[in-house]
Amino acid sequence: MMLWIMRFSGFFSAAMVMIVLSPSLQSFPPAEAIRSSHLDNYLRFPVHESTSASFGRFSFRRAPSFRNADECGSVGSGTEVCDPNLVHVAITLDVEYLRGSIAAVHSILQHSRCPESIFFHFLVSETNLKTLVESTFPQLKFKVYYFDPQIVRGLISTSVRQALEQPLNYARNYLAGLLESCVQRVIYLDSDLVVVDDIAKLWTTRLGNRTIGAPEYCHANFTKYFTAGFWSNRRLTRAFKGRKPCYFNTGVMVIDLVRWREVGYTSLIERWMEIQKSHRIYELGSLPPFLLVFAGYVAPIEHRWNQHGLGGDNVRGSCRDLHPGPVSLLHWSGSGKPWLRLDSRKPCPLDALWVPYDLYGLSH
């Protein structure tokens, strides 16, 4: 009865996919992550559990309580954002990606040895999401920050996908100003991912004299992220002089906010967005300005922390396999999102790896 799913991918034709994980699990290679799946049950039977949080068409089940292990350092019981023992994580909450954001938070808590030591910074353009978060994660340490879309609306140019033009995609550019000055470092994560390792390992990444850390992909064709008009303009291409630029995905970054504030990187990114409006130097939304400012100046992080591209490309029905190597974070970057493909009864095999973290509670 599951052959229709297995046909999607030859690589996984021998087994259906599901992660069997515990909060204490460390990083694991892909072969150890694949187990038999309850995906068929997910697709056939709607969820009937009582729900505790609603927002329009959304309703989420309450997450279980997650407690610190004995070896975790002490943290305050309140929501004091300046506690030096906290791990800071920033994620956007957007109506279109809300289900993904909730799953991402759930995955982080489930695999952390010190979940009570994580402080979440939620960036929103809707002002009524706080109650939903409180009801879904009653013990969560978090704060909601309103990001005014008007800040970037005049800077955004058209992109290859309309989803990339949403103002909240650019909120990451303004973290240094939105978050309290006592927050010196933050992990920024996209909403279309799940973490399957202890996020404290990512938090302790050494950045050296770099402002951001991210997995780099130096074998990627870097030129394709900019237009021919950019590469033919010597004045613009001088931006990369003296550095070896490599592609990196901005959906997973460790950011030194102290250094960011000192240099004023937000203004540098905005300047490139202004140039884009007049010269059309790229096609891909919020990514290219980051590449222009930081490519070649990134502290490299292990690729396990961004197994990206699982959403496939812009071809409808495109499915991807895991990249070779260990996995600590699964990222559905690309046009396909797991919750949409699951609801449409057209999932990719790897979408089953997202299912255990989904807290969506309404009948589909």
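Select residues 87-93 and 185-189: strand β3 and strand β6 run parallel and are joined by two bridges. The model on screen is a predicted one.

Within this pair, pick V89 and show its partner. The residue bridged to V89 in β6 is I187.

Keep β6 selected and add residues 252-256, which form strand β11. These two strands pair antiparallel, with five bridges between them. For a single position to look at, label V186; the residue opposite V186 is I255 of β11. β6 therefore has a parallel partner in β3 and an antiparallel partner in β11, where strands count as paired if DSSP finds at least two bridges between them.

Now turn on the surface and look at β6 by itself. Is this strand mostly covered or mostly open? It is mostly covered, with four of the five residues in 185-189 buried.

Next, select residues 98-111, which make up helix α4. Its 14 residues span 20 Å between the first C-alpha and the last, close to the 20 Å expected at 1.5 Å a residue. How many of the residues of α4 are buried? The count is 14 of 14.

Finally, clear the selection and view the whole chain. It holds 14 helices and 13 strands. Of its 364 residues, 55% are buried. The exposed area of the chain is about 16,200 Å², and 51% of that comes from carbon and sulfur atoms. Among contacts with a separation of 6 or more, 73% are between residues 24 or more positions apart.

Terms used: Residues numbered from 1 in each chain as written. Predicted model: local features only at pLDDT ≥ 70, side-chain atom pairs only at ≥ 80, totals over all residues. Heavy atoms only, no water. Buried < 20%, exposed > 50% of the residue type's maximum accessible area, 1.4 Å probe, protein only. Contact = heavy atoms within 4.5 Å. Areas by Shrake-Rupley, 256 points an atom, 1.4 Å probe, with all protein chains shown as cover. Expected span 1.5 Å × (residues − 1).
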